[in-house]
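Please work through the following exercises with the sequence and the model side by side, and try each task before you read its solution.

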Amino acid sequence: MTLSSVYAGLEFKSLSVEQTAKPEDSVMVFSYPFTNTSEKAVTIGRFNAGCSCLEVKDLTKKTYQPGESGVIELDFALGTFTGKVEKTMYLWYEGVKTKSPSFVLRATVNIPVLFEVEPKTLKWAKGAEADMKIIRLSAQTDNSVHISNIICTNPNFKVELVTKKEGYEYEFEVTPLDMEKVGFGIIKFDTDSQVERFRRGQAFMVISRTSKP
Amino acid sequence: MKKTVLEICMILFASCLLTLGYYGIVGEPNREIVCVSEDLEPHHVCMQTVIGDWGGEVQWVDARTRKEWEKNGIEGSVLLTDDAKENFNDLLNASMEAIFMASQQQQKVVIYCNGVACGSSKAVHAKLIEQGIYEEIYILHGGWKALSQELAKETSVLNQ
């Protein structure tokens, strides 16, 4: 084991931890093991997170004697975001009054998607042919998940749901009606997923002055 | 022993006097966000560039919490945050039309969160780029701290 970071007595295995969440995870625990390598007792005082999503799990034991090891655990609430999220927790030793923290812990989580939506935006150029284009949705899970409802926010786009493989693969066939005006629309869809952040999804459609199809 | 302690106390007292004197003459230490464009990560931008080169005519995206956005978010900004209390899909749906309109007006989109290390701007930036509607989307270096410094400067000029 290589201990890499020393901060006034506490030597951490790593100040930065990255993990990948499972689709059903709502909270992830990040662990930062350390050892007090100094000759004095070290007490962790206050802490402050960069967001409401990160909390110190349990800090009832704050003082560590020379040679003693411990773990700081952070609870990371995942919310409805998907993708890569990096957050920081600032901690100060007891008695340290400076604005700069005594040390910073970084937590990075990769939150998977339920449906891969490709492309995420369909584009047409204003004045071009009103070609039908397709958005493909493929479930990234072994369990089936169904699309239960579709709403298109702009009546200038005709949207049809095509089921390719029930519970796993779907397509939206989208055809713009009037190509003479710039326009923006959203296809909103619901799913029957048990996980809150996967119950709704979306794809976008635009008719723009300049478009890179 | 007593003499040593007394000497240390005198040195400390003299240091405090010097510090107070310096503070009185020079003023508060400069805590401005330092930003050098050449040193920035890709897609990051300095406040000077937004104000100077782009004339401040950008679409702002506030990646802080709803409470902070409602308190003092930039006028015309949209809320788009990875805050766990929010439904990100709903926020994305509510803000994408503004991003699209910015693209049609050739306006840059600039995201800010609380500071240099808040992380939300980076996550939101990745999400917006992933949607593929627009590429001219940037992260403000220093976030709200850099913005509030600029606002304070403007207020100070207006009050003169």
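**Exercise 1. Find where Gln106(B) lies in chain B, and decide whether this residue is buried or exposed.**

Solution. In this predicted model, begin with the position along the chain: Gln106(B) belongs to the loop between α4 and β4 (109–112) of chain B. Next, take the relative accessibility, which is 61% for Gln106(B); since exposed means over 50%, this residue counts as exposed. Finally, look at the backbone, where Gln106(B) has a positive phi of about 55° although it is not a glycine.

**Exercise 2. Carry out the steps of Exercise 1 for His43(B): where is its place, and what is its phi?**

Solution. The place of His43(B) is in the loop between α1 and β1 of chain B. Its phi is positive, at about 70°, although His43(B) is not a glycine. With a relative accessible area of 42%, His43(B) is partly exposed.

**Exercise 3. Which cysteines does a disulfide join, and which parts of chain B does the pair tie together?**

Solution. Recall that a disulfide is a covalent bond between the sulfur atoms of two cysteines. The count over all chains comes to one disulfide, and this disulfide joins Cys35(B) to Cys46(B), with an S to S distance of 2.0 Å. Now locate the two ends: Cys35(B) lies in the loop between α1 (2–26) and β1 (44–45) of chain B, whereas Cys46(B) lies in the loop between β1 and α2 (47–53), so the pair ties together parts that are eleven residues apart in sequence. The angle about the S-S bond is -85°, and the link of Cys35(B) and Cys46(B) is left-handed. As a last step, consider accessibility: Cys35(B) is buried at 12%, and Cys46(B) is buried at 1%.

**Exercise 4. Describe how helix α4 and helix α5 of chain B pack, and name the residues that meet.**

Solution. Two packed helices are described by the angle between their axes and the distance between the axes. For helix α4 (residues 88–104) and helix α5 (residues 120–131) of chain B, the angle is about 65° and the axes are 12 Å apart. The crossing in which α4(B) passes α5(B) is right-handed. From α4(B), Phe88(B), Leu92(B), Met96(B) and Ile99(B) meet Val124(B), Lys127(B), Leu128(B) and Gln131(B) of α5(B). Sorting the residues of this contact of α4(B) with α5(B) gives six nonpolar, one polar and one charged.

**Exercise 5. What does the side chain of Asn154(A) reach, and which residues does Asn154(A) touch?**

Solution. First place the residue: Asn154(A) lies in the loop between β14 (147–152) and β15 (157–165) of chain A. Its relative accessible area is 15%, and because buried means under 20%, Asn154(A) is buried. The side chain of Asn154(A) reaches the backbone oxygen of Phe184(A) at 3.0 Å. Leaving out residues up to four places away in sequence, Asn154(A) touches Gly183(A), Phe184(A) and Gly185(A).

**Exercise 6. How far apart are Val104(A) and Leu15(A) in sequence and in space?**

Solution. Count along the chain to find that Val104(A) and Leu15(A) are 89 residues apart in sequence, and then turn to space, where they are 6.9 Å apart, C-alpha to C-alpha. Val104(A) has its place in strand β10 (residues 103–111) of chain A. Besides Leu15(A), Val104(A) touches Thr88(A), Met89(A) and Tyr90(A), with residues up to four places away in sequence not counted.

Note on methods
Residues numbered from 1 in each chain as written. Chains lettered and ligands numbered in written order. Predicted model: local features only at pLDDT ≥ 70, side-chain atom pairs only at ≥ 80, totals over all residues. Heavy atoms only, no water. Disulfide = S-S within 2.5 Å. Helix = DSSP H or I, 4+ residues; strand = E, 2+ residues; numbered from the N terminus. Buried < 20%, exposed > 50% of the residue type's maximum accessible area, 1.4 Å probe, protein only. Polar contact = N/O pair within 3.5 Å; in protein donor to acceptor, adjacent residues only side chain to side chain. Contact = heavy atoms within 4.5 Å. Axes fitted to C-alpha atoms, helices over the stretch in contact; angles between N-to-C directions. Left-handed = near helix turned anticlockwise from the far one by under 90°. Nonpolar A, V, L, I, M, F, W, Y, C, P; charged D, E, K, R; others polar.
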